[in-house]
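Q: Please take a close look at one part of this model, the strand that pairs on both of its edges, and then set it beside a helix and the chain contact.

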Number of protein chains: 2
Amino acid sequence: MSEPVAPNLVTAVSEHRQWDRLMQMARLGSITGADGSPGVNRPCLSPLDRQARRLLIAWGESIGLTPTIDALNNLFLRMEGREPGLAPVLTGSHMDSQPAGGRFDGIWGVLAGLEAIQALREAGITPRRPIELVAWTNEEGGRFAPGCMGSMAYAGHSPPDTWDAVEDGEGTRFGDALREQMALEADLPRRPLGIVEGQAPHAYVEAHIEQGPRLEAEGQDIGIVTGIQGSRWFLVELRGESAHAGTAPLSMRRDAVQDMLRAITALNALMDDPTDILRFTVARIEVHPNSSNSVAERVRFTIDFRHPSAAVLTERGEAIEPTIRAAVQHCAVTVTERFHALPVEFAPEVTEAVARAAAAQRLRALRMPSGAFHDAQFMVPLCPSGMIFVPSRRGISHNPAEYSSPAQLAAGARVLAQVLAELAEG
Amino acid sequence: MSEPVAPNLVTAVSEHRQWDRLMQMARLGSITGADGSPGVNRPCLSPLDRQARRLLIAWGESIGLTPTIDALNNLFLRMEGREPGLAPVLTGSHMDSQPAGGRFDGIWGVLAGLEAIQALREAGITPRRPIELVAWTNEEGGRFAPGCMGSMAYAGHSPPDTWDAVEDGEGTRFGDALREQMALEADLPRRPLGIVEGQAPHAYVEAHIEQGPRLEAEGQDIGIVTGIQGSRWFLVELRGESAHAGTAPLSMRRDAVQDMLRAITALNALMDDPTDILRFTVARIEVHPNSSNSVAERVRFTIDFRHPSAAVLTERGEAIEPTIRAAVQHCAVTVTERFHALPVEFAPEVTEAVARAAAAQRLRALRMPSGAFHDAQFMVPLCPSGMIFVPSRRGISHNPAEYSSPAQLAAGARVLAQVLAELAEG
């Protein structure tokens, strides 16, 4: 089944150049983790994000790619193909990071796409179809929840104004931040949002670090990603009453922190899973007025719930609000679902191309689902889609200690280059 | 036992003037509560605090009081007495508020002192001793924890540089904010911090709203405060490890939010008190990185623990850290005590003067301890000290819905005026 390797193409992928670009990007928002690891905090639609985009555009233009942006600020860099009018192959990922994120999540998929396209150029290959490199807006949801806004809007999953009123931690609205960024990029040519003139992409392929421990633990080089588990995000608000911590008797309080404790304890029981497949996380808490001697008047906390089974996602997800209401004793309860992505399966056209490329390059490859969600899952309804994973050290991600080696990342870019060449020739 | 009322003095207290000044102060940092109530957010050492201080100084100077400030930015407005060289009677409270505070907590005690002194002036009374009106720095601890820094430093309870490194929610250090405020008040005359030339104040009396429900519930006008329950404040830090909410199995996480849940649940059991006298509050929580899809790496939460019994404060207070350590499963634990105020009893010289004034004015008065702590408790070791309470509607405080009526506040100021006249004549 293995196709012959295109040796010029594979050797044209530069491990050093890709790593050097990753490290240049990592300086834009560099932070230091608790263990001294060099991490990144680069929120979407921030000055750092704009710097990173300008740097990417400069690199793309130096190899003849032309930039465009759409109404969600998704950034595209296009390499023309041999035959005009054909649907493009799309590759890319995102450039925003978690607030205490690593140097590889997202940005590597963008730079691997750039490296693969540059290798095609240097190998003298111009495929039949155009190839477009895309950097999706706000995949992480770290500043504005939920994530994947750019790809969701592109795919028509949600109207582009869906999140205008979403606020970041400082009260800035997504719609305002987006308008500001679009104004500051007024010099970049615009393209329509989403599918242009009814022409869906020919295929979508996204390179990404695994963000889990499997590839490393099993001694594999490449993950052939078969699909993505489903995710549901909720925002819970509990409204009680503030009071003086020294005078108000505990029996008379409507303490939102204590009701949060009851709610999360009950949710832990609801989400109990001896198989350890279910993912349930409360990771963001905001208390008001958040003063040590004023009983909490209001608490907001988030729920991140994921499972590969649509049935489990539906059943336990629908039980979240009643579970909270039954547990809470004194507060008014509001539960808002902010994100709901069904589990998806990737297309054999892409997974088999990844498998062939890995085999041709004598890399060890494993078929596996993705625990994290990615922009790729919103592309599934549009065109044959898939992903390429490389190992993450100790499976650590969303953390400055996140790490994949230059050689591991170069192997991923070589597989991507061959997959793009094959898909864009098809 | 009742002394004759000084009728000129009592009638010189103006309900309207005092209320008007309170409402002028309430505009500096005005906020609106969840129920539409007009509240105040005026943090210490802020531009709003400086505006409020300038307004107070202007009112004081208009009746011949002279301002000075000390190294902790405590503000004094002095009325000279008939006999030079005598120790002053001190009265006052604080001007900072909780982040979502009311219009009366603290500021009324300062304006009641001003009203009482103005009434003395207008009644043509110059007592033997000077009277000093004081506005203590950072009583609330809402911006910089703990509270009562100004009075603690004045009383020699803590060295004045104790809190220099304490940070507010935005990372500003107390020492830096204090230096900035002192520089912006460079035109105000300085006085030494604390007792001047070994001469303690002759007495200290502080007017304050009750912040609890008793006076209203029992139909009383005046609280003759007999003492203050003890307080201990702790900061708890739990350090786990961040991870990706979609990929990290729950069994492998070191989730600081989940360990916080275990810690507070265990503390609730430790602090259980069927008599409902004990006050235990967790009201401030900070999660890092506080992103919905990154498992929490670190949580900090506060404990506010109060009780009238020193033995209970000691016994259960010392059990806090072992209780947390036993409950937490995955995180490193740090527990820091940030405030420890023993229960105090006020001096009969002051409580009896309050009782006499209330009786002379035919007000209904109740002897009662204070649930809230106040600057007055740090004055107890220095000089005969005491407090005057007025009713708080529904006992609500640390909340925009905090309310005492113009008439209730005027009654408190009339009692204070008579107490000051008596103490300053002694």
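A: The answer starts with a strand of chain B, goes on to a helix and ends at the contact between the chains.

The model is predicted. Strand β16 of chain B covers residues 385-390, and 6 of its 6 residues are buried. A residue is called buried here if 20 or more other C-beta atoms lie within 10 Å of its own. In a regular strand the side chains alternate between the two faces of the sheet. For β16(B), one side holds Ser385(B), Met387(B) and Phe389(B), the other holds Gly386(B), Ile388(B) and Val390(B), and both faces are covered.

β16(B) has pairing partners in β7 and β8 of chain B. Strand β7, residues 203-209, runs parallel to β16(B) and is joined to it by 6 bridges. His208(B) has Phe389(B) as its bridge partner in β16(B). Strand β8, residues 222-228, pairs with β16(B) in the antiparallel sense, over 3 bridges. There, the bridge partner of Val225(B) is Met387(B). Phe389(B) and Met387(B), the two partners in β16(B), are both listed on one side of the strand.

Helix α2 of chain B comes next. It spans residues 15-26, 12 residues in total, and its first and last C-alpha atoms are 16 Å apart, close to the 16 Å expected at 1.5 Å a residue. Gln18(B), Arg21(B), Leu22(B), Met25(B) and Ala26(B) are its buried residues. Because they cover an arc of only 140 degrees around the axis, they lie on the same side of α2(B). These buried residues pack against strands β1 (30-32) and β2 (38-40) and against helices α3 (47-62), α4 (107-122) and α12 (406-425), which belong to chain B.

The last part is the contact between the chains. Chain A contributes 53 residues and chain B contributes 53 residues. On the side of chain A, β9 (230-239), α8 (256-270), β10 (279-281), β11 (285-288) and β12 (298-307) each supply at least two residues. α8(A) gives the most, with 4 residues. By class, the side of chain A that touches chain B has 23 nonpolar, 24 polar and 6 charged residues.

Chain A superposes on chain B by a rotation of 180 degrees with 0.0 Å of shift along the axis, at an RMSD of 0.0 Å. That is the relation of a two-fold axis. Both copies use the same surface, and 100% of the contact residues of chain A recur in chain B. Among the residues of chain A, Leu261(A) comes closest to the rotation axis, with its C-alpha at 3.2 Å.

Key
Residues numbered from 1 in each chain as written. Chains lettered and ligands numbered in written order. Predicted model: local features only at pLDDT ≥ 70, side-chain atom pairs only at ≥ 80, totals over all residues. Contact = placed C-beta atoms within 7 Å. Nonpolar A, V, L, I, M, F, W, Y, C, P; charged D, E, K, R; others polar. Least-squares fit on C-alpha atoms with pLDDT ≥ 70 in both. Expected span 1.5 Å × (residues − 1). Buried ≥ 20, exposed ≤ 12 C-beta atoms within 10 Å, placed from the backbone. Arc of directions from axis to C-beta. Pairing = 2+ DSSP bridges.
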